[in-house]
Amino acid sequence: MFDTHLGPRKLVNDSLSQPDNGRWDLLVEHSPAEAALMRWIERMDALARAETKALLAGDKVEFENFNSKKNHALLEFMVVSRSVASLSPQLLSALQRLNESLAQNGEVLKQHLQAASEISRLIIDTIRAEESDGTYCRHVSIRVTQRLG
């Protein structure tokens, strides 16, 4: 598309490039580097939100898949961010939203890991208790009484 007053413009129809249903479709005032960074921010935000949503919903989460995507996104960020000279207010705002999404994602992941650790500990303790002959266990008398009683 060509605008006679402004010259060539780049149209972006990627829904992830439009924060908060905004209008990033006409990137006239943004450099290609800024536009690339904005698209990266929105993709990373969508990824973090998707993982958080899946964890909160109790859905089966493919951690390897999310981890792979996050690692790829980190590499992409390193490349894209080098070409951005300064951050516009829109980019700063988008980065703040991303920071909030990543913080929430981190907290939910932490809770999930703590829960998984607790469940693992309970399973291990149960297995150990069942494998034990009770020689050194205070609770053996209770179990023996329950079985005999």
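In which helix is the place of serine 101? In this predicted model, serine 101 lies in helix H3. A relative accessibility of 5% places serine 101 among the buried residues, because burial is assigned under 20%. When neighbours within four places in sequence are left aside, the residues in contact with serine 101 are Asp45, Ala48 and Arg49.

The setting of these residues is given by the overall architecture. The protein chain contains 4 helices and 2 strands, arranged along the sequence in the pattern β-β-α-α-α-α. Of the 149 residues in the protein chain, 26% are buried. Contacts between residues at least 6 apart in sequence were also examined, and 58% of them join residues at least 24 apart. The accessible surface of the protein chain amounts to about 10800 Å², and carbon and sulfur atoms account for 56% of this area.

Helix H1 spans residues 32-57 and helix H3 spans residues 89-131. The axes of the two helices come within 9 Å and cross at roughly 25°. H1 is therefore roughly parallel to H3, since angles under 35 degrees are classed in this way. The contact of H1 with H3 involves 15 nonpolar, 6 polar and 6 charged residues. The handedness of the crossing between H1 and H3 is left-handed.

A second packing arrangement joins H1 to helix H2, which comprises residues 63-82. Here the axes are 11 Å apart and the packing angle is about 160°. This angle makes H1 roughly antiparallel to H2, because values over 145 degrees fall in that class. The crossing of H1 and H2 is likewise described as left-handed.

The contact between H1 and H2 can be described residue by residue. From H1, the participants are Ala33, Ala36, Leu37, Trp40, Arg43, Met44, Leu47, Ala50, Glu51 and Leu55. These meet Phe63, Phe66, Lys69, Lys70, Ala73, Glu76, Phe77 and Val80 of H2. By class, the contact of H1 with H2 consists of 13 nonpolar and 5 charged residues, with no polar residues. Charged participants on the H1 side include Arg43 and Glu51, while Lys69, Lys70 and Glu76 are among those contributed by H2.

Alanine 54 provides a further point of reference within H1. Its relative accessibility is 12%, so alanine 54 counts as buried. Apart from neighbours within four places in sequence, alanine 54 is in contact with Asp59 and Val61. Serine 101 in H3 and alanine 54 in H1 thus both belong to helices, and the relative accessibilities of 5% for serine 101 and 12% for alanine 54 class each of them as buried.

Notes:
Residues are numbered from 1 along each chain as its sequence is written. This is a predicted model: local features need pLDDT of at least 70, side-chain atom pairs count only at pLDDT 80 or more; totals for chains, interfaces and linings use all residues. Side-chain values use heavy atoms; hydrogens and water are left out. Axes are lines fitted to C-alpha atoms, for helices over the stretch in contact, and angles run from 0 to 180 degrees between N-to-C directions. Angles under 35 degrees count as roughly parallel, over 145 as roughly antiparallel, 65 to 115 as roughly perpendicular and the rest as oblique. A crossing is left-handed if the near helix is turned anticlockwise from the far one by less than a right angle, and right-handed if clockwise. Buried means under 20% relative accessible area, exposed over 50%, partly exposed in between (1.4 Å probe, protein chains only). Contact means heavy atoms within 4.5 Å. Accessible areas come from the Shrake-Rupley method with a 1.4 Å probe; for residues, only the protein chains shown count as cover.
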